[in-house]
Amino acid sequence: MNFTPPLQLNEQTLEALHSSGHILVGVSGGRDSIALITLLSKLANCYPIVCHVNHSLRPEADAEEIFVKNYAHHLGLPFVSKKIDVTTYAKEHKLATEEAARILRQDLFFHWAREFNTNIVALAHHRNDQAETALLHLCRGSSGIRAMTPVSLWANGLTVIRPLLNQSRSDITAWLSSQNIPWVDDTSNDSSDYTRNALRHQILPQLDSIFARDVSITLSRSANLAHVSRTALTQALEHLNLLDPQGRLYLPTVMTFPAELRQAAIHWFLKNQNIPELSEEVVQRVLDILPPTGASRVSLPGGYLAIRKEKRLFVKKLL
């Protein structure tokens, strides 16, 4: 009989799991979330709440909701769910389906967080999801190789933890099978219509074949190293006291920097101003207005304006 090792939870998430009281756990019914909620149900001093979002996008969505509800009752855990109309919301706000679903999910988790007096959400992303995210950002070309972190923040202030981020999809499947734990397969994951699914079903398997190994390990490690470097650079910039008391960027200091550090400072400043779609081209447009002899303002994505005035740089929202 083959021995299947137990799934290991990410160490960076353990403190939150043991000390946060109630934890909202996103459970779709797929193998990853079923593995996560099963593990958390057995963890000492951890009080998970099974949270299911019915996106109303597929015929089997209602059956999946019932499956998750029954499994929550089997584990003896509280269960909450809500049906959302992603299609209508996407049309009304002119959004892609995936983006609309993300916004509605985060709003719903914020509501549940207030109801259960918590700010922790646990999600079942794993190493293969990490590799897909890293490739997605790399191929889009605007932010280098980026991926998810074990602990992060949503814009609504909730802390998101990913306890299975070091585990592979195959590890999770093997463990569930060894424990005779059921799950449901999301048929939308079999489609190549979505970019992420094309990466999952076509590109990454080809890369595994070409390099004769699991490239998700390398991609995940590279993304983590890049995250460490970005974090260190951000911390260094924050210690340079580049902002004046009004939060404007003080240009005499920035203009003494080497070109690469100057670019990093502008990117850091714009990111802190919540400029959307922050690409290298956007950063370069702002760099072009820094010299005092040229233009003093430039438009930014999201209806913002970058303005140089009195040796300061600031961002203004257009009406």
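## Getting to know this predicted model

The secondary structure of this protein comes to 12 helices and 10 strands, and the model is a predicted one.

User: Hello! How much of the protein counts as buried?

Analyst: Happy to help. The C-alpha atoms fill a box of roughly 75 × 45 × 40 Å along the principal axes. Among contacts with a separation of 6 or more, 63% join residues 24 or more positions apart. Of the 319 residues, the share that counts as buried is 42%.

User: What is the strand order in the open sheet of 6 strands?

Analyst: The pairing in this sheet is mixed. One parallel pair is β1 (residues 22-26) with β2 (residues 47-54), joined over 5 bridges, and H22 stands opposite Y47 of β2. The twist averages 30 degrees from one strand to the next. The order is β3-β2-β1-β4-β6-β5.

User: Which strands of that sheet stand at the edges?

Analyst: An edge strand here has a single partner, so one side of it is left without a neighbour in the sheet. That applies to two strands, at residues 79-83 and 151-153. They are β3 and β5.

User: Which strands does helix α1 lie across?

Analyst: Helix α1 covers residues 11-19. Its direction runs at about 120 degrees to that of β6 (159-161). The strands it lies across are β1, β5 and β6.

User: Let's move to the sheet of 4 strands. Which are its edge strands?

Analyst: This is an open sheet with antiparallel pairing, in the order β7-β10-β9-β8. The edge strands each pair on one side only. For one of them, the partner is β10 (residues 312-317), joined to β7 over 2 bridges, with Y250 opposite R312. The edge strands are β7 (249-250) and β8 (297-300).

User: Which strands of this sheet does helix α11 touch?

Analyst: Helix α11 spans residues 259-272 and packs on the sheet. Its direction makes about 35 degrees with that of β10. The strands it touches are β7, β8 and β10.

User: And at what angle does helix α12 run to β8?

Analyst: Helix α12 is formed by residues 280-287. It lies across β8, β9 (304-309) and β10. Its angle to β8 is about 165 degrees.

User: How are α9 and α11 oriented to each other, roughly parallel or roughly perpendicular?

Analyst: The axes of α9 (residues 215-238) and α11 come within 11 Å and cross at roughly 85 degrees. Angles of 65 to 115 degrees count as roughly perpendicular. The two helices are therefore roughly perpendicular.

User: How many nonpolar residues does the contact of α9 with α11 have?

Analyst: From α9, the residues are L233, T234, L237 and E238, which meet L261, A264, A265 and W268 in α11. By class, the contact also has 1 polar and 1 charged residue. The nonpolar count is 6.

User: How many disulfides does the structure hold?

Analyst: A disulfide is a covalent bond between the sulfur atoms of two cysteines. The sulfur of C46 has its closest cysteine sulfur in C51, 12 Å away, which is too far for a bond; the cut-off is within 2.5 Å. The number of disulfides is 0.

User: Are those two cysteines, C46 and C51, buried or exposed?

Analyst: Buried means under 20% relative accessible area. C46 has 7%, and C51 has 1%. So C46 is buried, and C51 likewise counts as buried.

Terms used. Residues are numbered from 1 along each chain as its sequence is written. This is a predicted model: local features need pLDDT of at least 70, side-chain atom pairs count only at pLDDT 80 or more; totals for chains, interfaces and linings use all residues. Side-chain values use heavy atoms; hydrogens and water are left out. Two strands pair if DSSP finds at least two bridges between them. Contact means heavy atoms within 4.5 Å. Axes are lines fitted to C-alpha atoms, for helices over the stretch in contact, and angles run from 0 to 180 degrees between N-to-C directions. Buried means under 20% relative accessible area, exposed over 50%, partly exposed in between (1.4 Å probe, protein chains only). Angles under 35 degrees count as roughly parallel, over 145 as roughly antiparallel, 65 to 115 as roughly perpendicular and the rest as oblique. Ala, Val, Leu, Ile, Met, Phe, Trp, Tyr, Cys and Pro count as nonpolar, Asp, Glu, Lys and Arg as charged, and the others, Gly among them, as polar.
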